[in-house]
Amino acid sequence: LVRMMRMYATGKYTSRGPALIPRMKTKHRIYYITLFSVVLLGLIATGMFQFWPHSIESTADWTIEKRSVHDAPLIHLPVSSPIPERGDLSCRMHTCFDVYRCGYNPKNRIKVYIYPLQKFVDELGVPISSTGLSREYNDLLSAISDSDFYTDDVTRACLFIPSIDVLNQNSLRIRETAQAFAMLPRWDKGMNHLLFNMLPGGPPDYNTALDVPRDRALLAGGGFSTWTYRQGYDVSIPVYSPLSADVELPERQPGPRRYFILSSQTAIHREYRGELERLKEENGEALLLLDKCTNLSQGAASARKRCYKGQVYDYPQILQESSFCVVLRGARLGQAALSDVLQAGCVPIILADSYILPFSEVLDWKRASVVIPEEKLSEMYSILKSIPHRQVEEMQRQARWFWEAYFSSMKAIGLTTLQIINDRIYPYAARTYEQWNNPPVVKWASVNSPLFLPLIPPRAPGFTAVVLTYDRVESLFRVITEISKVPSLAKLLVVWNNQNKSPPEESLWPKVGVPLKVVRTKENKLSNRFFPYDEIETEAVLAIDDDIIMLTSDELQFGYEVWREFPDRLVGYPGRLHLWDHEMGKWKYESEWTNEVSMVLTGAAFYHKYFNYLYTYKMPGDIKNWVDAHMNCEDIAMNFLVANITGKAPIKVTPRKKFKCPECTAIDGLSLDQTHMVERSECINKFASVFGTMPLKVVEHRADPVLYKDDFPEKLKSFPNIGSL
């Protein structure tokens with residue numbers, strides 16, 4: 001035992017004892033240090049790799065400096081360079097496009113990479129293009145590089161766009177351009193590559209697609225026919241008109257024009273021109289047939305002139321003087337004249353058999369044009385005469401909007417093309433037919449339709465009171481004072497409709513506890529009360545006249561609460577009725593007290609601000625102009641609109657029926673005019689004719705507070721001061 005104790009004390013006890021541990025640490029210390037160092041270096045290298053550029057290509061951002069042809073590196077093309085295949089007509093998105101490159105991303109947006117600008121020349125130093133980079137193609141690439149589609153990281157790209165300009169085939173050397181495509185580092189037989197071309201083919205046959213061999217590349221082409229267009233793969237684009245950038249045509253209101261049909265193209269085949277001349281002889285001044293001016297010197301100025309029998313017309317301004325404009329095929333199917341015609345708001349008559357109209361994959365051309373077979377050119381006048389005037393006006397409006405949205409610039413053309421391809425790759429997030437074809441309105445996307453609101457709107461935001469006034473300042477101030485007492489009032493908006501008189505000074509206005517904004521209008525129009533002003537931030541709007549001073553705060557608050565339950569209805573106080581007059585055979589406006597209601601007047605009514613947008617931008621026919629011209633019936637028009645959209649009747653609230661201002665005289669009050677009732681009846685008949693139906697619905701009920709008639713203490717009622725008749 002003593003010996004063992006000595007061994008412990010001297011540290012010589014080695015059999016599974018403590019003396020073994022320090023020797024093991026010493027023996028393997030270098031091994032542990034080396035292993036730790038390797039792991040640490042590995043982690044550092046991995047981190048650096050994550051942040052290091054993955055490719056030299058990714059540093060070649062499409063910047064301003066890269067767009068100069070003079071600074072672009074020179075690339076020589078050996079004669080033996082490979083040439084891509086001509087193009088596979090059987091290509092579709094599922095066979096020639098690798099959608100897995102695009103992957104999933106939260107924004108459902110493809111990423112587009114633009115190759116750095118390079119100058120390709122053959123072995124003799126001759127460029128592949130006689131023009132280099134055109135202004136139009138530079139604008140196109142710049143727009144894409146500034147868009148949300150663009151990426152400078154080639155490894156993230158789903159779509160590749162060469163910086164080789166092939167917009168105009170006439171400027172290209174076909175073989176050498178194809179060789180340049182094949183030399184692109186990511187070409188891979190054209191997979192996921194997009195080419196833009198507007199002027200395909202060349203003499204004598206003028207092919208309808210780019211003649212440059214391009215393997216499997218997608219083609220955004222400006223002159224496709226049904227024979228060369230690969231449906232669902234290629235994209236048919238417009239031929240850009242340089243006049244779009246040089247000439248500004250102000251938008252013109254739809255309606256009849258000086259000429260019924262106008263032809264302004266200069267390079268028309270003699271057979272077609274002969275047929276147009278025969279139509280001119282038959283229909284006289286209704287058809288204007290213009291041609292190139294032979295008595296003017298050649299140049300940019302003469303390109304903007306057209307002539308008829310020595311009379312000179314400015315082009316494209318003259319296009320705005322016609323309801324319909326002829327767009328005939330030339331040597332190529334796609335014509336820049338189509339863009340000029342749309343810009344003028346003239347309905348294009350397209351005579352180009354087998355032509356694939358621009359962006360026809362998403363645009364409904366029946367709404368903006370008339371397509372007539374070439375063989376029926378002689379019947380053109382009678383075909384167009386059969387189109388109703390109202391439909392022509394809608395087509396004029398749609399034509400102008402198509403140009404603004406999709407034709408007006410190279411940016412519009414390029415981004416529309418990318419959006420179409422994007423919709424194919426992410427179909428669940430694709431734009432709808434309405435989004436492609438319905439003109440948007442101011443902040444339309446931020447306004448929810450009341451037809452699809454979840455449950456009921458929250459009480460917290462309250463409502464915006466819109467008061468239409470002219471010069472009844474004293475009455476206006478009383479209305480503002482009364483409305484300001486309503487608990488749910490969020491904002492007061494005064495629409496000052498008097499252009500000859502300024503609103504009162506700020507110090508004279510009533511002091512209220514909510515924001516008060518005065519909007520001065522440019523014209524004295526009743527429709528101004530329904531304009532979607534930016535100041536209206538709440539969903540609920542109270543439209544009220546400047547002489548409605550008799551409504552109590554309880555009545556107004558109760559009306560708002562009812563609207564919250566029925567946000568798709570007009571909820572108001574003055575009720576009116578339409579009746580059918582059997583003797584006269586037409587509709588009649590009735591304001592006497594009856595058991596039925598089909599309208600509530602917007603002199604005091606709640607509604608959803610969505611209907612402001614519909615009234616301003618979607619009101620059928622000429623109803624808005626009628627209202628403004630007659631200074632009457634804007635309230636009836638709103639009732640028609642809401643009833644037609646919802647298929648529901650309005651809701652009258654509270655029993656009050658008298659709304660006349662005690663102090664107002666016949667001179668002040670519009671509704672006191674003797675002809676008022678007759679004109680209101682005329683409005684109903686006019687609107688029913690425009691709508692093509694009678695949308696107003698008749699009901700026999702109104703909404704009152706639950707305890708309104710109950711013999712109950714007033715203090716316990718939510719709305720004690722409802723008022724009398």
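**Exercise 1. Place Arg173 in the chain and describe its surroundings.**

*Solution.* Start with the position: Arg173 sits in the loop that links β4 (159–161) to α5 (174–182). Helices (H or I, at least four residues) and strands (E, at least two) are DSSP runs, numbered from the N terminus. Before going further, note that this is a predicted model, in which local features need pLDDT of at least 70, side-chain atom pairs count only at pLDDT 80 or more, and totals for chains, interfaces and linings use all residues. Residues are numbered from 1 along each chain as its sequence is written, and side-chain values use heavy atoms, with hydrogens and water left out.

Next, check exposure. Arg173 has a relative accessible area of 26%, so it counts as partly exposed; buried means under 20% relative accessible area, exposed over 50%, and partly exposed in between (1.4 Å probe, protein chains only).

Then list the neighbours. Not counting residues up to four places away in sequence, Arg173 touches Asp122, Val126, Pro127 and Ile128, where contact means heavy atoms within 4.5 Å. The C-alpha atom of Ser130, 43 residues apart along the chain, is 8.3 Å from that of Arg173.

Finally, look at the side chain. Arg173 makes side-chain polar contacts with Asp122 (2.9 Å) and with Glu176 (3.3 Å). A polar contact is a pair of N or O atoms within 3.5 Å; within protein, one must be able to donate a hydrogen and the other to accept it, and residues adjacent in sequence count only if both atoms are side-chain atoms.

**Exercise 2. Follow the chain from α5 through His193 into β5.**

*Solution.* Begin with the helix: Glu176, Thr177, Ala178, Gln179, Ala180 and Phe181 are buried in α5. The buried residues of α5 pack against three strands, β1 (74–77), β3 (119–122) and β5 (194–197).

Move on to the loop between α5 and β5, where His193 lies. His193 is buried, because its relative accessible area is 0%. Its side chain makes a polar contact of 2.8 Å with the side chain of Tyr115, and also reaches the backbone oxygen of Met191 at 2.8 Å.

Now enter the strand. From β5, Leu194 and Phe196 point one way, Leu195 and Asn197 point the other way, and all are buried. β5 pairs with strand β6 (residues 218–221) in the parallel sense over four bridges, with Leu194 opposite Leu218. Here, two strands pair if DSSP finds at least two bridges between them.

Last, set this strand in its core. The largest nonpolar core has 73 residues, and those touching the most other members are Phe97, Ile110, Leu159, Leu194, Phe196, Phe359 and Ile425. Such a core is a set of buried Ala, Val, Leu, Ile, Met, Phe, Trp, Tyr and Cys residues joined through side-chain atoms within 4.5 Å. Beyond its neighbours within four places in sequence, Leu194 is in contact with several residues, among them Leu159, Ile161, Leu218 and Ile421. A second, separate core of 41 residues includes Met599, Met638, Phe687 and Val690.

**Exercise 3. Work out which strands pair with β23, and whether β23 is buried or exposed.**

*Solution.* Take burial first: five of the five residues of β23 (residues 604–608) are buried, so this strand is largely enclosed by the rest of the structure. Ala604, Phe606 and His608 point one way, while Ala605 and Tyr607 point the other.

For the pairing, β18 (residues 540–545) runs antiparallel to β23 and is joined to it by five bridges. β19 (residues 571–572) also pairs with β23 in the antiparallel sense, over two bridges. Ala605 is the bridge partner of Ala543 and also of Gly572.

**Exercise 4. Give the strand order of the open sheet that contains β20, and find the helix that packs on it.**

*Solution.* The sheet has three strands in the order β21-β20-β22, with antiparallel pairing. Its edge strands are β21 (586–590) and β22 (599–600), each pairing on one side only. β20 (residues 575–581) pairs with β21 over five bridges, and Asp581 has Lys586 as its bridge partner in β21.

The helix is α19 (residues 676–691), which touches β20, β21 and β22; its direction makes about 135 degrees with that of β21. Axes are lines fitted to C-alpha atoms, for helices over the stretch in contact, and angles run from 0 to 180 degrees between N-to-C directions.
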